[in-house]
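This briefing introduces a structure to a reader who has not met it before. Please look at the model first; the notes that follow are grouped by topic.

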Amino acid sequence: AFTEVPYSAPEPLVKVLNKCAKDQNPNKIDVTIGVYMTEDGDSSYVFPSVKQAKQELLVKDPGHCYTKMSGVPEFIRGSQNLIFGEYAKDGRVASIQTISGTGSLHIAFQFLRSIGYNRYYLGNPSWVNYYPMIESIGGEIKEYQYYDNLTHEVDFESLEKAIREAEPQSAFLIQLCGHNPTGVDYSKDQWRQISKLVKNREILLVIDSAYLGFASGSIYEDSWAIRYLYEQNHEFLVCQSYSKNMGLYSERSGVIHVVLQDTRLRDNVESRLVAIFRNECSFAPAYGARIGAKLLNDDYLNKIWGKDVYSVYERVTNIKRQIFNKLTDLETPGNWEFVTKAKGLFWFSGLDKNQVNRMMNEYSIYMSENGRVNIAGINSSNIDYFCYAINKVVSQ
Ligand code: PMP
């Protein structure tokens, strides 16, 4: 029965990770995948807020019975309040719990397909997994240029042109903040322009929120665009992941929100989301959602969580500043100021394929093929070696 199954090659990053795992060089640096690491290089770090929530769940164990079909209600409500604020009360948002950000995007794609939207505009470069996820449900992909390699800023003209030329019933999949892989986000002014461009156009924005809080250190500030689009009376979707900003990666905790203009449609839309989820997954995992619910709804834990998120921001911001200073001190050819402007975990270093390979083969420094660096993988004990190696591959 299975003789016709060809091998499905893993994404290129897996090759790099495998090579990295085998490398015995004591100076090895791993800045490949997008997980937070502490100053000690610890990726299993648990936020103090999460630790406390887990303790509470241990003392007052809610058990493991099925939850509601739409997910853990307090988690969903808390997630709505987090990003929509006061507007959450209006009843214009239909939401269910999902299998983290990836699951949220998948439900978004399935839902949109069910209403006749199956064309997606992606900014290039963007998260690599968007492509197979959309293709696997028969969606059409169109690209515009997200990033300008020369200026290290967004290529807004390209987005503008793409929106102007887009046919009705197109979706634009846009990351909210801490863009993966470029670390460069749309400004408030650019979000205002996006809002104007899509107005009355039968174009839906799908906002992917995977790094909320890491761009500015403030969840409230980072979620501004969501409330702005809401105020402008748009219909749009938000796919929310708590993998990074609660460090709940493997607990698979996320939510999908569909923002409607007409509150009367909410029950229908929510029931459609539940039906899609039921077909594919039945119930969403509860443990991470219960932790999340505590962080979102308990005033005390919410404050601690805010500090946890800020401390991630603070650490990566500090490291970026140090990288800039060190590369400058080493008289590395080029202007490296853009590293200080990168938002969130990622810095799009601009190293070309050959330089990325040299970093790997000559210095045991592993990053994504496109030159993306997870800044959290750099700390005071490896930053000098990291900058030294960049200086070498750029100079010679
Ligand atoms: N969107 C983006 C842009 C991401 O970088 C990621 C994680 N790498 C996700 C969504 C989904 O993450 P998860 O499914 O782990 O929540």
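In strand β9, C239 is the bridge partner of D208. The model described here is predicted. The strand pairing around these residues is taken up first, followed by the sheet, the domains and the ligand.

**The sheet**

- Strand β8 (residues 203–209) and strand β9 (residues 236–241) run parallel and are joined by five bridges.
- Both strands appear in an open sheet of seven strands, whose order is β2-β10-β9-β8-β7-β3-β4. The pairing within this sheet is mixed.
- The edges of the sheet are formed by β2 (93–99) and β4 (140–145), each of which pairs on one side only.
- From one strand to the next, the twist averages 20°.

**Helices against the sheet**

- Helix α3 (residues 73–84) lies across three strands, namely β2, β9 and β10 (253–259). Its direction is at about 120° to β2.
- Helix α10 (residues 266–280) also packs on the sheet, where it touches β2 and β10. The direction of α10 makes about 10° with that of β2.

**Domains**

- The domain assignment of the protein chain gives domain 1 as 12–46 + 312–395 and domain 2 as 66–297.
- The centres of domain 1 and domain 2, taken over C-alpha atoms, are separated by 29 Å.
- To the contact between them, domain 1 gives 20 residues and domain 2 gives 19 residues.
- On the side of domain 1 that touches domain 2, the elements giving two or more residues are α12 (299–329) and β11 (346–348).
- The residues on that side of domain 1 comprise twelve nonpolar, five polar and three charged.

**Record annotation**

- An unreviewed UniProt entry places the feature "domain: Aminotransferase class I/classII large" at residues 27–390.
- In the model, the end C-alpha atoms of residues 27–390 lie 14 Å apart. This span is 43% helix and 16% strand.

**Surroundings of the ligand**

- The ligand is surrounded by 13 residues, of which the closest are S100, G101, T102, A210 and S241.
- Which helix gives the largest share of the shell around the ligand? Helix α4 (residues 100–114) does, with three residues.
- By character, the shell around the ligand divides into nine polar residues, three nonpolar and one charged.

Technical notes. Residues are numbered from 1 along each chain as its sequence is written. This is a predicted model: local features need pLDDT of at least 70, side-chain atom pairs count only at pLDDT 80 or more; totals for chains, interfaces and linings use all residues. A residue is near a molecule or strand if its C-beta atom, placed from the backbone, lies within 6 Å of it. Helices (H or I, at least four residues) and strands (E, at least two) are DSSP runs, numbered from the N terminus. Ala, Val, Leu, Ile, Met, Phe, Trp, Tyr, Cys and Pro count as nonpolar, Asp, Glu, Lys and Arg as charged, and the others, Gly among them, as polar. UniProt positions are given in the numbering used here, feature names are shortened, and annotations may be inferred rather than shown by experiment. Domain bounds come from an automatic or database domain assignment. Two residues are in contact if their C-beta atoms, placed from the backbone, lie within 7 Å. Two strands pair if DSSP finds at least two bridges between them. Axes are lines fitted to C-alpha atoms, for helices over the stretch in contact, and angles run from 0 to 180 degrees between N-to-C directions.
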